[in-house]
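Please look over the sequence and the model below before reading on. The text then goes through one helix pair and two sheets.

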Amino acid sequence: MDTVREPANSGISPVHRPAAAPGGHPARRRGALADAQESDSNRTDSRPDAAVRARRWVLHIDMDAFFASAEQLTRPTLRGRPVLVGGTGARGVVAGASYEARVFGARSAMPMHQARRLVGASAVVVPPRGVVYGELSAAVFDALRSRIPVLETLSFDEAFGEPAELAGATVAEVGEFCAELRALVRERTGLVASIGAGTGKQLAKIGSGLAKPDGIRVISPAEQRELLAALPVRKLWGIGPVAEGRLRSVGIETVGAFAALPEFEAVSLLGGSIGAALHRLALGIDDRAVAERAEAKQISAETTYERDILTMAQLRPAIAAMAGAAHRRLAEDGRAARTVVLKLKKSDMSIVTRSFTLPYATEDLATLTAAAQRSAVDPGVLGAIRLVGVGFGGLSTIRQESLFPELDRDLPGADGETDSPEPVLVAPPATEPELPPATRSYTAEYWYPGRDVSHAEYGHGWVQGSGHGRVTIRFETRSTGPGPAYTFSADDSNLAPADPLLSLL
Ligand SMILES: [Mg+2]
C-alpha cells in the first residue's frame, strides 16, 4: 500500500492536525533516507497523550518495500538506487519498487514498461528471487517471535501481534516497545520494518500505513475516532466496491459519516451481521483476536492406475487429472498453496516424491498444475508407475497476488536443471523482446540480468548485463559492500549459475 507519513516535525498531538489519509498528500512523500534521518515519529514519549493507556494494544508490523529492500541488502550496489523487482516481458508487472523508485511514481502491480518509463534510465530491473525473500521472511518472523510469541502472519512481510506485556500500557510504553522491535529486526536481518499500533487490528494496520517508511505510529485511544472518521469509507476493513457503491449512493463518503448512522441503518444498507460488524469498526470498536494461523497441512489427491504408466505421454494427463482433483479440494478449503508435491509410486512399490515451491501462494489451477508437471520424471527412466498423486502444501489463507502469471503458468517441463529433491522456482528468465527468437543468443537466455552466478576466482555475483557473447557480473553479497564488476566471455568455464541464497552470506 502506498502511504505517506504524518509530518514528523510537530510536537502537537495528531488529534490537532488534519489526519492524513493513506495515499493522500503526495507532496509530503519523501525518500527513505530523509525519513531515516528524522526520528521524531519514533518519539512517542513527548506526545501530550503519551500517558494515555489502553486495555489492549495490537501491533501491525510491515516490512518496508520488502522485495526491493531484499535486493538492495544482498546486492549492495543497488542501495540508494531506484530498483524495480518484477517481470520484464511484454506483460511484466512490478512486484516491488524501492523507495528511490517510488519517488518517480513507480508502484507495485504497475506494468513494468510504465514503471520503467516513469523512473527513466537510472532504473535497475531485476527478476524476483522468491527463495531469498522466503529466507529473509523467516528470519524476520523469527526475530518478531522472540518478543511476541503469538504472531498472526498475513503474508511474507506482514504480521499482527498483541504482546501480553502491553495490556494496559501507555502510548509512550507502546512506542518504546515498537522501537526496540524495529531495532531487533534491523539488527538480525538488515531490513527495515514499520510498525503501527492501536487498540485493534484495523487501527494497527492504518497506523503502519501512516508510519511508512521507516517509522512507528501509535494511534492512541484519544485520537482514534477522529483519525478513522476522516478516512474514505473504502479504507474500512471489508468494504468492497459493492458496499462502497451502496454507501456512496446515499451520500456516505467517509468512515465518520458511516459511523454517524444509527446501527439499524448500517444494517439495512449492508445486510445483517456484516453491516453491524462494519459499523462497530467504523466506531473504532475492534475486538478481533490476534491468533496464529492453522498449521499448514497438505491437500492432495492420488489414484492407482489399473495399468502401469510407462511413458511421459501417459504420465502428463495423469498429473493434470490429480492436480485438478486436488485443486477442487483446495478451492473448498479456501486457501492458497505455495508448495506442489508430486508423488509417484512405482510398480515395485517404491515411492518417489518431488516438490516444487512457488514464490508465493496461489489458487490458480494452471500455475499449480504447471508446477506439478515440472516435477515429472520420465517413466522410461524411472521405471513403471502405478500410482500418481499431487499434493498442495504451504497453505495460507492470504493469497499473494499472482505477480507473474504469464511466467509461472508456462514453466518448462523437467529439463534436468536440478536433481535436488526440492527444486525451487527462481523466476524464469525474462525473454528479450528486442531479439527475434531465431537469433536469440545463448547469453541473453542463460545469463539473464539478475541471475546469481559464481566465479571460480571472484566468488558470488549477479549478472548485470549480457549480450554479444559477453556477460558482465557484479561480485558482491550482503556482507561484502558494493563490489566490482567484470566482463567475461559468455562461455567462460569459470562461470556457473549459483544458488541465490548464497547472496545472503
Ligand atoms: Mg510491506
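**A helix pair and two sheets**

Helix 11, covering residues 263–270, packs against helix 12, residues 272–282, at an angle of about 130°, and their axes lie 7 Å apart. The model is a predicted one. Two packed helices are described by the angle between their axes and the distance between the axes. Angles of 65 to 115 degrees count as roughly perpendicular and those over 145 as roughly antiparallel. Helix 11 and helix 12 are therefore oblique to each other. Their crossing is right-handed.

Which residues of helix 11 meet helix 12? On the side of helix 11 they are E263, A266, V267, L269 and L270. On the side of helix 12 they are G272, I274, G275, A276, L278 and H279. Sorted by class, this contact has seven nonpolar, three polar and one charged residues.

The next element is a sheet. Three strands form an open sheet with mixed pairing, in the order 3-2-4. Strand 3 (94–97) and strand 4 (124–126) are at the edges and have a single partner strand each, so one side of each is left without a neighbour in the sheet. On average, neighbouring strands of this sheet are turned by 25° against each other, direction ignored.

Strand 2, residues 83–86, runs parallel to strand 4, and three bridges join the two. Within this pair, V85 stands opposite V126 of strand 4. Helix 2 (residues 66–74) packs on the sheet and touches strand 2, strand 3 and strand 4. The direction of helix 2 makes about 115° with that of strand 2. Helix 4, residues 112–119, also lies across strand 2, strand 3 and strand 4. Relative to strand 2, helix 4 runs at about 175°.

A further sheet is built from five strands. It is open, its order is 16-15-14-13-17, and its pairing is antiparallel. Which strands stand at the edges of this sheet? They are strand 16 (485–489) and strand 17 (495–497); each has a single partner strand, so one side of each is left without a neighbour in the sheet. From one strand to the next, the twist averages 40°.

At the strand 17 edge, the partner is strand 13, residues 452–455. Strand 13 and strand 17 run antiparallel and are joined by three bridges. In this pairing, V453 stands opposite P497 of strand 17.

Terms used. Residues numbered from 1 in each chain as written. Predicted model: local features only at pLDDT ≥ 70, side-chain atom pairs only at ≥ 80, totals over all residues. Pairing = 2+ DSSP bridges. Helix = DSSP H or I, 4+ residues; strand = E, 2+ residues; numbered from the N terminus. Axes fitted to C-alpha atoms, helices over the stretch in contact; angles between N-to-C directions. Contact = placed C-beta atoms within 7 Å. Parallel < 35°, antiparallel > 145°, perpendicular 65-115°, else oblique. Left-handed = near helix turned anticlockwise from the far one by under 90°. Nonpolar A, V, L, I, M, F, W, Y, C, P; charged D, E, K, R; others polar.
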